[in-house]
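Q: I'm new to reading protein models and would like a close look at one part of this one. Could you pick a strand and walk me through its surroundings, step by step?

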Amino acid sequence: MGHKKLIRFAAIREFSNVLEYPEQMPGRWQQFFGNNNPLVLELACGRGEYTLGLASMYPGVNFIGVDIKGNRLYNGAKKALEEHLTNAAFLRIQIDKLMAFFAPGEVQAIWITFPDPQLRTSKARKRLTHPKFLRIYQQLIVAGGVIHLKTDSPDLYRFTKTVLDAYGMLPDEDTDDLYSGANLPPVLQIRTHYESLDIAGSSRVHYLQFRLPANPLPDIDKTLQEQLKVYEAATEGGR
């Protein structure tokens with residue numbers, strides 16, 4: 001590990017707004033923030049631009065950026081402290097461990113902003129809109145809570161729509177070119193570092209907003225994986 005990363009890892013351990021695998025946190029986030037405001041998560045938050053932007057726009061809501069990369073969290077956490085954003089915090093954990101840190105219904109909404117699309121079919125279960133993760137979110141989020149996905153990956157966008165369709169869920173909002181529309185609300189204008197890189201080379205941003213049903217989502221993982229393999233084989237054959 002580089003010297004700079006070591007310094008940042010040491011620094012975030014002293015930051016009051018960063019928690020690393022904290023114990024006994026489910027149901028105690030209101031105590032942590034010192035208020036009864038709603039709680040919103042940004043998953044795979046990276047440098048935390050969205051967490052900071054949302055916290056600035058909505059001082060009456062508490063925001064937590066979640067990521068495993070402490071080197072990235074350092075940037076957002078440091079800026080939040082400098083700007084006195086007391087309603088912004090950061091949680092360093094693996095996202096598939098969320099249930100160990102939040103109580104059922106403790107989360108009001110979830111933002112997934114420019115996550116790694118995990119393009120290989122063999123890694124589909126790591127996609128943050130895979131049924132595996134949706135089942136986790138369903139246990140944390142309030143009934144009717146909104147999930148937002150912003151991505152520059154057309155593959156992740158199509159995959160998410162496939163998952164929603166498989167569950168019979170219609171998105172509240174769906175666009176494959178977010179910034180082409182007029183009167184875009186400020187909450188959707190926040191830009192992240194990874195968005196600016198346009199790693200997917202699509203030159204456009206895709207956006208989905210959806211809600212999970214009240215009833216537990218069935219396990220469709222094997223069927224979905226087979227569909228992905230068929231699609232991958234078909235696209236490979238067409239090249």
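A: Here is a tour that begins with one strand and then visits a helix and a few single residues. Keep in mind that this is a predicted model.

Let's start with strand β3, which covers residues 62–67. Is this strand enclosed or not? Six of its six residues are buried, so β3 is largely enclosed by the rest of the structure. The cut-off behind that word is simple: a residue is buried when its relative accessible area is under 20%. In a regular strand, side chains alternate between the two faces of the sheet. In β3, Asn62, Ile64 and Val66 point one way, while Phe63, Gly65 and Asp67 point the other way. Both sets are buried.

Now look at what lies beside the strand. β3 pairs with β2 in the parallel sense, over five bridges, and Val40 stands opposite Phe63 of β3. To get from β2 to β3, the chain passes through helix α3 (residues 49–57), and this β-α-β crossover is right-handed. β3 also pairs with strand β4 (residues 88–92), again parallel and over five bridges. There, Leu91 of β4 is the bridge partner of Val66. Helix α4 (residues 70–82) joins in too: β3, α4 and β4 make a right-handed β-α-β unit.

Next, let's visit a helix. Helix α6 runs over residues 154–166 and has 13 residues. From its first C-alpha to its last it reaches 18 Å, close to the 18 Å expected at 1.5 Å a residue. Its buried residues are Leu156, Tyr157, Phe159, Thr160, Val163 and Leu164. Seen down the helix axis, these buried residues fall within an arc of 165°, so they line one face of α6. Just after the helix, Gly168 takes a positive phi of about 70°.

One of those buried helix residues, Tyr157, brings us to His206. His206 lies in strand β8, residues 206–211, and counts as buried because its relative accessibility is 4%. Leaving aside neighbours within four places in sequence, the residues in contact with His206 include Tyr157, Pro154, Thr175 and Asp176. Asp176 has a further link: its backbone oxygen lies 2.9 Å from a polar atom of the His206 side chain.

Two residues in the loop between β7 and α7 are worth a stop as well. Leu188 is found in this loop and is buried, at 3% relative accessibility. Beyond residues up to four places away in sequence, Leu188 touches Tyr50, Trp111, Lys150, Leu178, Tyr179 and Tyr207. Leu188 and Tyr50 are 138 residues apart in sequence, yet their C-alpha atoms are 9.5 Å apart in space. Thr192 sits in the loop between β7 (173–175) and α7 (193–197), and it is buried with a relative accessible area of 8%. Tyr50 appears again here, since Thr192 is in contact with Glu49, Tyr50 and Phe114, leaving aside neighbours within four places in sequence. A polar atom of the Thr192 side chain also lies 3.0 Å from the backbone nitrogen of Glu195.

Finally, here is a contrast. Asn36 lies in the loop between α2 (29–33) and β2 (39–43), and it is exposed, with a relative accessible area of 64%. The C-alpha atoms of Asn36 and Glu232 are separated by 47 Å, and the two residues are 196 apart along the chain.

Terms used:
Residues are numbered from 1 along each chain as its sequence is written. This is a predicted model: local features need pLDDT of at least 70, side-chain atom pairs count only at pLDDT 80 or more; totals for chains, interfaces and linings use all residues. Side-chain values use heavy atoms; hydrogens and water are left out. Helices (H or I, at least four residues) and strands (E, at least two) are DSSP runs, numbered from the N terminus. Buried means under 20% relative accessible area, exposed over 50%, partly exposed in between (1.4 Å probe, protein chains only). A polar contact is a pair of N or O atoms within 3.5 Å; within protein, one must be able to donate a hydrogen and the other to accept it, and residues adjacent in sequence count only if both atoms are side-chain atoms. Contact means heavy atoms within 4.5 Å. Two strands pair if DSSP finds at least two bridges between them. A crossover is right-handed if, with the strands pointing away from the viewer, the path from the first strand over the helix to the second runs clockwise. The expected span of a helix is 1.5 Å times one less than its number of residues. The arc is that of the directions from the helix axis to the C-beta atoms.
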